[in-house]
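Colleague: I have some labels to challenge. Show me the model, then defend each one.

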Amino acid sequence: MSVSVEPTSVAPSRNHSAPANAGGAEGAEALRPHAEDAFAAELAALAAQDDRPRPARWRLSPWAVATYLLGGTLPDGTVITPKYVGPRRIVEVAVTTLATDRALLLLGVPGTAKTWVSEHLAAAVSGDSTLLVQGTAGTPEEAIRYGWNYAQLLAHGPSRDALVPSPVMRAMAQGMTARVEELTRIPADVQDTLITILSEKTLPIPELGQEVQAVRGFNLIATANDRDRGVNDLSSALRRRFNTVVLPLPETPEAEVDIVSRRVDQIGRSLDLPAVPDGIDEIRRVVTVFRELRDGVTTDGRTKLKSPSGTLSTAEAISVVTGGLALAAHFGDGVLRAGDVAAGILGAVVRDPAADRVIWQEYLETVVRERDGWKDFYRACREVSA
C-alpha cells in the first residue's frame, strides 16, 4: 500500500513569501540567507526568460540552471553572477544527472565548493535548498528515513500523525531535491538506507504497512571527500546508485584569486567589512602561499617544498582573508595588510605543531624572505610565528 505525504499534514514546506528571517527576532536580518533567498532576483529573472523545456517540477530548465551556476547575461541585460568558477562541462554533467533517475555525488577534497554547488543546484532546480541531512558520525537512520513523535506514538500507537518525515521523505513526496552533506561521515549501515530510496524510488514504512513513492522531480545530491581521516567508504551497491562528479581545485592562481575575492566580498557585505579591492594584493599573497605549499613547489617551479598536513583549500583561504578584513576594519585603518592575514595563515598551515611548524619556518626563510616585494609579509609572519 502506498501513501502520499502531504506537506501540510506532516511538515510545512517553506513559504517563500515569508521574510528570510521568519522565526527569528523581529526585524533581524539573516546572517547567511539561503541561496534561493539571497539570489531570488536572479532566479526570478531566469524563470521569466527561460523558454526551454523543463523537467517535471523543475523551476528552471537545465540550461537556465547551468547559467545560474556559471553566470551570464540574459537577453534583457540582467547579469547573473557566477556561483561556481570552474569547467563548464562539470556543471553541465551535474545538472544533466539531476534530470535523470540517478542521484548526484559531488566528490572532491575539502574546500572545492561541494556544499556551495549542492545548495545552489537545489535552489535553482526546486526553489528550496533546505531539505538537508547533515552527515556526521552520529547521524541516525531516522535522519534519512523517518522518525516518530513519541508523545503521539505512546498515546495512540504507530499512525500517520505520529510519523515525522525526514528531509529525504519530504523531497520524495513533493518531487523536490534533497541534499545529504558529508555522506562518508555517516556510518556505513545508515548510508545504505539510501539504496532502496535511490534504486526503487520508494521508502517503506513497515510499522504502518505503507510506503512513500517518489514523485517525478525527486532526486538527491550528496557530497563527500576522501581526504579527511575517519571516513566511511561507500559500499559498491550505494556508489552504483550515484553519478559521481569530481570538483577539482582551481586550475590557475588567477581563478583561485577570483573565487576568493568573490566569496570574501559576499561575506564581507553581510558583515559590513571593507571592500575586497582594497586588499587584492594580500589575497594574491594568501593564494600564492596556499598553492605553493599545497603543490609542494614554488610558482616558478624552481624550488621543491614540503607540504604541511592541512589541506590549504580555497575555503580556508576565504576564511583567512575574511578574518584579516575583520582585523583591518576593527583594529586597523580598514585596508587589508600583511599583518592582518599572517595569523590566519599560520593557523591554517600549522595544524601539527611539531612537523608543520618546521615546514612553515623553512618556507618563510627559503622562499618568502627572498621574494621581491614580500618583506612586509615576511616580517608579519615572523612576528606571529615567534
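Colleague: Which residues of α14 are buried?
Modeller: This is a predicted model. In it, T314, E316, A317, I318, V320, V321, T322, G324, L325 and A328 of α14 are buried. The cut-off is under 20% relative accessible area.

Colleague: What covers the buried residues of α14?
Modeller: The cover includes α12 (253-271), α13 and α15.

Colleague: How do you know that the length of α14 fits its 18 residues?
Modeller: Set the span against the expected value. From its first C-alpha to its last, α14 reaches 25 Å. At 1.5 Å a residue, 26 Å is expected, and the two are close.

Colleague: What makes α13 and α14 a crossing pair, and which hand does the crossing have?
Modeller: Their axes come within 10 Å and cross at roughly 145°. The crossing of α13 past α14 is right-handed.

Colleague: Which residues of α13 and α14 meet?
Modeller: From α13 come I283, V286, F290 and R294. From α14 come T314, E316, A317, V320 and V321. By class, that contact has six nonpolar, one polar and two charged residues.

Colleague: Why are α13 and α15 called roughly parallel?
Modeller: Their axes cross at roughly 20° and come within 10 Å. Angles under 35 degrees count as roughly parallel. Therefore α13 and α15 are roughly parallel to each other. Their crossing is right-handed.

Colleague: Which residues of α13 and α15 meet?
Modeller: On α13, they are E282, R285, V286, V289, F290 and L293. On α15, they are A338, V341, I345, A348 and V349. The contact of α13 with α15 divides into nine nonpolar, no polar and two charged residues. V286 and F290 of α13 appear here, and V286 and F290 also meet α14.

Colleague: How do you know that the span of α15 agrees with its twelve residues?
Modeller: At 1.5 Å a residue, α15 (residues 338-349) should span 16 Å. Its end C-alpha atoms are 16 Å apart, so the two agree.

Colleague: Which residues of α15 are buried, and what covers them?
Modeller: A338, D340, V341, A342, I345, L346, A348 and V349 are buried. Their cover includes α13 (280-295), α14 (314-331), α16 (355-368) and α17 (375-385).

Colleague: Why are α4 and α6 called oblique?
Modeller: The axes of α4 (residues 62-70) and α6 (residues 114-126) cross at roughly 140°. Over 145 would count as roughly antiparallel, and 65 to 115 as roughly perpendicular. The angle falls in neither range, so α4 and α6 are oblique to each other. The crossing of α4 and α6 is right-handed.

Colleague: What makes the contact between α4 and α6?
Modeller: V65, Y68 and L69 of α4 make it with V117, H120, L121, A124 and V125 of α6. By class, the residues are seven nonpolar, one polar and no charged.

Colleague: Why is W63 counted as partly exposed?
Modeller: W63 has 34% relative accessibility. Buried needs under 20%, exposed over 50%. The value lies in between, so W63 is partly exposed.

Colleague: Where is W63 found, and which residues does W63 touch?
Modeller: W63 is in helix α4. Leaving out residues up to four places away in sequence, W63 touches D50 and R52.

Colleague: What separates W63 from T112?
Modeller: Along the chain, 49 residues. Between their C-alpha atoms, 23 Å.

How values were computed:
Residues are numbered from 1 along each chain as its sequence is written. This is a predicted model: local features need pLDDT of at least 70, side-chain atom pairs count only at pLDDT 80 or more; totals for chains, interfaces and linings use all residues. Side-chain values use heavy atoms; hydrogens and water are left out. Axes are lines fitted to C-alpha atoms, for helices over the stretch in contact, and angles run from 0 to 180 degrees between N-to-C directions. Helices (H or I, at least four residues) and strands (E, at least two) are DSSP runs, numbered from the N terminus. A crossing is left-handed if the near helix is turned anticlockwise from the far one by less than a right angle, and right-handed if clockwise. Contact means heavy atoms within 4.5 Å. Ala, Val, Leu, Ile, Met, Phe, Trp, Tyr, Cys and Pro count as nonpolar, Asp, Glu, Lys and Arg as charged, and the others, Gly among them, as polar. The expected span of a helix is 1.5 Å times one less than its number of residues. Buried means under 20% relative accessible area, exposed over 50%, partly exposed in between (1.4 Å probe, protein chains only).
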